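Please go through the structure shown below, one region at a time. The text takes up a helical stretch, the cavities and pockets, and the charged pairs.

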Amino acid sequence: MYRQKTLRGEQKVLLPPTGVKAWPDKVDGKEQPEPTDPCQAWRKKQRRVTVGLPTHRMLSVGQLLAGVAGAWATVLLLFLAWWKPHLGMTGGATGLGMMVGLLYTFLYYKNVKSKQQYQQVLSMDPGLKGCQYLLGTLPSWITYTEREKMEWFNRMLEEMWPYYDRGICATIKQVVEPIIESFRPPTFKKIWFEELTFGEAPFRVEGIAVRDLPGEIDMEVDVRWCGDANISIAIDLPMGGEFTRLTPKVKDIVFVATFKVMFRPLVDKIPGFAAVAVAFKGPPIIKYRLDFGAVPSTVTSVMTAPIRAFVDMIINMIVGWYLWPSRLTVPLLSWDGVMPANDPEVDLEVERLNGRPKGVIKVHVIQAKELKAYDTLGKSDPFVELFTTKDDMRTTRVINNNLAPEWNEVKYLPVLEKDTVLRLEMFDYDAVNVTSFAGLKSAASLEGGREFMGRAGIPLAQFINEEGLEDELWLPLGKGEWTNLEGPGQGEGWIKLGLQYRALDNIAGDEILHATQGLLMVSIIRCYDLSGSSKQSSYVTVKLEPTDKADKAEAKKASYKQVCKTPTIARNASPRWSNQNKFTLYDVSAKDTLVVSVMEPAMTIDDELGRFTMAVRDIIQNVQVSRWSKEEDVGYVYDDFNIGGKTGKARIELELEFLPYW
C-alpha cells in the first residue's frame, strides 16, 4: 500500500504482493474466467478498484505558485508596454521590487531552514531521560531509573576477568597481610593467605548513576558478587608447626556494595582528570562462611569464634577506612603520579578531594533509657562511641550498674561532607568478658571486654542547612546492621542527644584567640631530604605532650594517649602522603605541645629520623593566609620546618588548624 498525493487529498492505493502478475480481463478479445488462485483473485479485485482513479498529472503547490507568478509577470510586462512610464520611475520601481523580492526570498529560506531544524529535532529519539526533561514527569506506565544498566560493561568484564582476578588478589595480599600481621593475636604465630582467587565468576555492575558537576564527575556504581572463590587462610599456632596448622576456607561469599567514584579536577591533559577518589557510599553487605574441612568438630567449635571475630575485625577496619565520607584518593597527574601536574591549584584540588572538614558538629550525649541488662546482676555498664568517620571517633565514660545512665558529656567531631551521617554504638563494659570464652554468644557482637548493646544513626544535613540550630532528640537503639534499608531498627532502648553544627568559615578569629580548648587538625603533606639514600623508608607520628611535664595530674589526660600514624612509604627519601595523612586531635589545651616525629621502621625499635615540636598557644596566635580560603585565618599554620635528620637538612611540610570548643 502507498499514499498518492492529489489536489483532492491523499488516496490509498493497494499494490499486489511481490511476484504476483496482473490478471487480464481479455486475451485475444476473449473474456477470461475468474481466477482460481487466491493471489490472482486479489490482484484482479484491486485492479478493478484502481481503474477509476484519475490518470491526469497532478500539480504540486509549488508548481501552481510558479505558474501564478509567471502569469503575473506577463500581465505586468503587458501593462508597462501599454502605459510607457518614465524611465526613472521604471528603474525605481524595479529596484524597489528587487529589494522586496530579496527580502521575501530571505524570509522564505529562513522559514524553510527553521522548519528543517524543527523536523530534525522532532525526528530524534530523546529516550527516557530526554522525555523526563521535556515533560517534567513520565507516565505511570513507564519505568524509569536514574541508574543506567551496564550489560555491555559486564560482558567486557567477563572477558577481562582472569586478568583482573590476578591483579585484585595480588593487591589484597599486599595490603591485607601486613594489616593482619600488625593485629595478629598472641595466640596465633602467623596468619597469611595460603590460596586466594575469586574464581571464574566476575563482579557484576548492576547500575551506574552519573552526576556532571562543575569541574568534576561523580559516579555511583552498584556492584554485586557471589562466586566460587577459593580463599584459604593459613593459621600457625605457637607449637606444632604444620601439624597444628589450621586452614579454614572462606566460602559462600556474598558481596553487595555501592561505590562512590569521583574524578576531580577536570584538566586538559590525558586522562582528563587529575585524581580519582573511591569510597563505599554506605556500609557494604559482606557475608561468608568458614569451613575447617576435616578438622574435628571439638576443635572447630573452640576456634571458630575467635577466628571469625578476627576476620570480622579486619573487614570492619578496611571498610571503615573507605566508608564515605572517608575515601581512597589516587593522584594521577600530580605528586608522584605518571605525569606531574606542575600546577599548585591542581594539587590543591587533589588535596581537597582527599577530604577536608567543612565544619564541626557538637554532640551533647545527655542520657539513655529503657536499656537491657547484660550483666548477671540485672544491670549494665554502658558507654557510647560516636563517629562521623572511623578515624574520628569519640567515647563517653562508663557508667556502672545503670539502665538509665546520664552522661551529660559534650563531644566535638569534624564534618567532611553535607551528607555525613553521625553514627553511634553503645556497649556494655566488662573487665573480663566471660561469655566470649564460654562461646555462649556470637563473636560478631563481642569485642574483647565489651558487649554490643545497640546502634543508631542520624543524617546531619538538617543541622548543616540550618547552621547554629541546637536541637535535642531521642534516637531508638537497634541491633540491625547499618546496611538495612530501615536502619539499625529499634527495641534496644533510647538515647538522647543534643546537636549543633558550625561551619569553619563562620568561626570568628577572636573566638579562636581566646580559646582554651579545642580541636587541632594536622595534615602531614611531605618530607624532604630525609637521607642521602633513595631506599629510605619512613612514617610520621603525631601526638600531644604537656608543656609542664612535672605536672603529673596534667600528664594523665586522655588526649596524651592519642597517637596518630601515617602509612609507611618505602624507598623514598622525600615521601609525600596522599591517604591517611590527616588527623584530628581532641581536647587540645592551649597549654599543650604538638610533637611530630619522622620514624624509620626497624626490626626491633624504630629509629627517629627527625622531630618537630610547636606549642599549641603559638598555633592559636598564628595568623596566615589559608590555602583554602585565600584569606588570613587565625590559628592556621602552613609551612615546612627543619627536623635535622641524617643529612641535617631534612624538612617536613605541615598544615595545622585549631578550632575552638564553644
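In this predicted model, residues 307-324 are 83% helix and 0% strand, and the C-alpha atoms at the two ends of the stretch lie 28 Å apart. The stretch is one of those that an unreviewed UniProt entry annotates as "transmembrane region"; the annotation covers residues 64-83, 89-109 and 307-324.

The end of this stretch leads to a cavity. The structure holds 2 cavities of 30 Å³ or more, and the second largest cavity encloses about 40 Å³ of space. Its lining includes Gly320, Leu323 and Trp324, together with Pro325 and Ser326. Phe387, Thr388, Thr389, Lys390 and Arg423 also line the second largest cavity. Which strand gives the most to this lining? Strand E14, residues 382-389, does so with 3 residues. By residue class, the lining of the second largest cavity holds 4 nonpolar, 4 polar and 2 charged residues.

The charged pairs come next. Side chains of opposite charge can pair when their charged atoms come close. Across the whole structure, a search finds 31 salt bridges. In one of them, glutamate 417 meets arginine 327 at 3.1 Å, N to O. Glutamate 417 sits in the loop between strand E16 (406-415) and strand E17 (421-429), while arginine 327 sits in the loop between helix H6 (297-321) and strand E12 (328-331), so the salt bridge ties together parts that are 90 residues apart in sequence. Both glutamate 417 and arginine 327 are buried.

Glutamate 409 pairs with lysine 411, and the closest N and O atoms of this salt bridge are 3.3 Å apart. Are these two residues buried or exposed? Glutamate 409 has a relative accessible area of 12% and is therefore buried. Lysine 411 is also buried, with a relative accessible area of 10%.

Another salt bridge joins aspartate 640 and arginine 651, at 2.4 Å from N to O. This pair links strand E30 (residues 636-644), which holds aspartate 640, to strand E31 (residues 650-660), which holds arginine 651; the two residues are 11 apart in sequence. Aspartate 640 has a relative accessibility of 27%, so this residue counts as partly exposed. Arginine 651 is partly exposed as well, at 29% relative accessible area. Elsewhere, Glu151, Arg204, Glu206 and Arg224 belong to one network, joined by salt bridges that share partners.

Strand E31 returns in the description of a pocket. The second largest pocket has a volume of about 730 Å³. It is lined by 34 residues, and those closest to its centre are Arg356, Pro357, Lys358, Leu504 and Asp505. Several elements each supply at least two residues of the lining: strand E6 (204-213), strand E7 (216-225), strand E9 (249-266), helix H10 (509-513), strand E29 (632-634) and E31. How does the lining of the second largest pocket divide by residue class? It has 13 nonpolar, 4 polar and 17 charged residues.

A last stop is asparagine 154, in helix H5 (residues 151-182). With a relative accessibility of 3%, asparagine 154 counts as buried. Leaving aside residues up to four places away in sequence, asparagine 154 touches Phe203, Arg204 and Val205. Of these contacts, Arg204 is also part of the salt-bridge network with Glu151, Glu206 and Arg224.

Definitions and conventions: Residues are numbered from 1 along each chain as its sequence is written. This is a predicted model: local features need pLDDT of at least 70, side-chain atom pairs count only at pLDDT 80 or more; totals for chains, interfaces and linings use all residues. Side-chain values use heavy atoms; hydrogens and water are left out. UniProt positions are given in the numbering used here, feature names are shortened, and annotations may be inferred rather than shown by experiment. Helices (H or I, at least four residues) and strands (E, at least two) are DSSP runs, numbered from the N terminus. On a 1 Å grid over the protein atoms alone, a cavity is a set of points where a 1.4 Å probe fits but cannot get out, and a pocket is an open set with protein on both sides within 12 Å along at least five of seven lines; lining residues have an atom within 4 Å of a point. Grid points are joined across faces, edges and corners, and a volume is the space filled by probe spheres set on the points. Ala, Val, Leu, Ile, Met, Phe, Trp, Tyr, Cys and Pro count as nonpolar, Asp, Glu, Lys and Arg as charged, and the others, Gly among them, as polar. A salt bridge is a side-chain nitrogen of Lys or Arg within 4 Å of a carboxyl oxygen of Asp or Glu. Buried means under 20% relative accessible area, exposed over 50%, partly exposed in between (1.4 Å probe, protein chains only). Contact means heavy atoms within 4.5 Å.
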